[in-house]
Amino acid sequence: MSTIMNFEYLINKENIDLSFNALHDGNIETLVEVLQKSTVLRELNLYSNRIALTDDDGNADAFANALAQNSTIRVLSLGSNMIAGEGTKRLANALKENTSLEELHLGDNYMGNDGARFMSDALAANASLRMIGFYGNNIGDEGAKCLAKSFQSNSTLNVVWIHENKIGDDGAQALAEALEDNDTIESMFVLGNSMSKKEENGIKAILADVNGRKKRANEEKEKPKALVVEVESAEKDEILSLKEEEIEKLKADLAESRKETEVAKAEVATAASASPSQEEEMTALRSEVAAKDEEIAALKSAFKNQMTAKDEEIAKLKTVYEAFNRKPEETMTTTLAEKMMTPAGEESGSEPALDQAPFEDTRDDELESEPLALTMVASTE
């Protein structure tokens, strides 16, 4: 085992046979490295091991990636291993990228309908496989229908081994219909399924009609071209119709735009013709405003002058009032002195009357009458 799995031993071999070696996902590191680095490997036989490609230890993804990138391998056998849906999915993804593998054996695994569906996607994309074996994988009608769909588009497969599964009449009819339009599959083994003998013979009869299949295949190949031409023509007509509608709409928009332009021009002309009278009105308004401003200024000046005059008059009145308040005292003092210096009776040249007072003080009357006169003057002003 150690010699067989020695990298130096395997790296230069074109055909590597590791069948019946109890290989599993956990001990294929050396094999992965050979797939990654070999430039001469053509056939790899891993039949009857325990490889599942479930990636519990990381080797499954590494194996699938190495297979996808290898450009020399032509034949790979993984029959009688433990590959189920998850492992089939990894292989299918590798087949979408690999361009060298021509023969793939996956018989006696656990693909089921899910695995058939994954492989259907791979076969629709792969362009190098010539032979594929799905025998003994519990594939039923649903899985057969998925594979039949891929056979309609695949143009490289020549041999399909799908015997010893659980395909019934529905699945058999789907396979037969796919074969009618496929002229590259030359043999399909369907023994040991659940289909009737009639459906099995129908598949065989279609496979035998090589010329008819080729003719139908050519017709099918030509149909897409005619359909494309027809579709393109219809699309062109639709596009032209849409363009014509767009052109008519643009014309209508242009006509409307022209009308709006004419209306705008007329409004501008009307505004231009009315501008002299409007200018006169504005000039008159400006003159009126200027006159009002002058009138307001004159009123302000007159009011200011009146206020100044009033202030001066009030100042004069205050002066008179203050002077008047000082005069009674001076008059009283002078009168008393004169009275004391003048003998009785000399002032008038006659004896004073007995019933007349020799001195009559009139200041109270004057003091009472003068302020009243001042008050009246001030209120009149």
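Gln-173 is partly exposed, because its relative accessible area is 36%, a value between the 20% under which a residue counts as buried and the 50% over which it counts as exposed. This residue has its place in helix H7, and although Gln-173 and Ala-148 stand 25 residues apart in sequence, their C-alpha atoms are 9.4 Å apart in space. All of this is read from a predicted model, and the report now turns to the chain as a whole.

**The chain as a whole**

The chain has 381 residues, of which 31% count as buried, and it contains 11 helices and 7 strands. About 24100 Å² of the chain is exposed, and carbon and sulfur atoms supply 53% of that area. If one takes the contacts between residues at least 6 apart in sequence, 84% of them join residues that are at least 24 apart.

**The sheet**

The strands form an open sheet of 7 with parallel pairing, and their order is E1-E2-E3-E4-E5-E6-E7. At its edges lie strand E1 (15-17) and strand E7 (187-189), each of which pairs on one side only, while the twist from one strand to the next averages 5°. One pairing within the sheet can be followed in detail: strand E4 (residues 103-105) and strand E5 (residues 131-133) run in the parallel sense and are joined over 3 bridges, and in this pairing Glu-103 has Met-131 of E5 as its bridge partner.

**Two helix pairs**

Two packed helices are described by the angle between their axes and the distance between the axes. The table sets out these values for two pairs.

| Helix pair | Angle between axes | Distance between axes |
|---|---|---|
| H4 (residues 85-97) and H5 (residues 112-125) | roughly 0° | within 8 Å |
| H6 (residues 141-153) and H7 (residues 169-180) | about 5° | 8 Å |

Because angles under 35 degrees count as roughly parallel, the crossing at roughly 0° makes H4 roughly parallel to H5. In this pair, Gly-85, Thr-88, Lys-89, Leu-91, Ala-92, Leu-95 and Lys-96 of H4 meet residues of H5 that include Phe-118, Met-119 and Asp-121. Sorted by class, the contact of H4 with H5 has 7 nonpolar, 3 polar and 3 charged residues.

For the other pair, which packs at an angle of about 5°, the description is likewise that H6 and H7 are roughly parallel to each other. On the H6 side the contact is made by Asp-141, Ala-144, Lys-145, Ala-148, Phe-151 and Gln-152, and on the H7 side by residues among them Asp-169, Asp-170 and Ala-174. By class, the contact of H6 with H7 has 6 nonpolar, 2 polar and 4 charged residues. Ala-148, which belongs to this contact, is the residue whose C-alpha atom was placed 9.4 Å from that of Gln-173.

**Two buried residues**

Is Asn-59, a residue of helix H3 (residues 59-69), buried or exposed? With 10% relative accessibility Asn-59 counts as buried, because the limit for that class is under 20%. Leaving aside residues up to four places away in sequence, Asn-59 touches Asp-25, Gly-26, Asn-27, Ile-28, Glu-29 and Val-32.

Thr-72 lies in the loop between H3 and strand E3 (75-77), and its relative accessible area of 16% means that it too is buried. When residues up to four places away in sequence are not counted, Thr-72 touches Ser-38, Thr-39, Val-40, Leu-41, Arg-42 and Ser-100.

Definitions and conventions. Residues are numbered from 1 along each chain as its sequence is written. This is a predicted model: local features need pLDDT of at least 70, side-chain atom pairs count only at pLDDT 80 or more; totals for chains, interfaces and linings use all residues. Side-chain values use heavy atoms; hydrogens and water are left out. Axes are lines fitted to C-alpha atoms, for helices over the stretch in contact, and angles run from 0 to 180 degrees between N-to-C directions. Helices (H or I, at least four residues) and strands (E, at least two) are DSSP runs, numbered from the N terminus. Angles under 35 degrees count as roughly parallel, over 145 as roughly antiparallel, 65 to 115 as roughly perpendicular and the rest as oblique. Contact means heavy atoms within 4.5 Å. Ala, Val, Leu, Ile, Met, Phe, Trp, Tyr, Cys and Pro count as nonpolar, Asp, Glu, Lys and Arg as charged, and the others, Gly among them, as polar. Buried means under 20% relative accessible area, exposed over 50%, partly exposed in between (1.4 Å probe, protein chains only). Accessible areas come from the Shrake-Rupley method with a 1.4 Å probe; for residues, only the protein chains shown count as cover. Two strands pair if DSSP finds at least two bridges between them.
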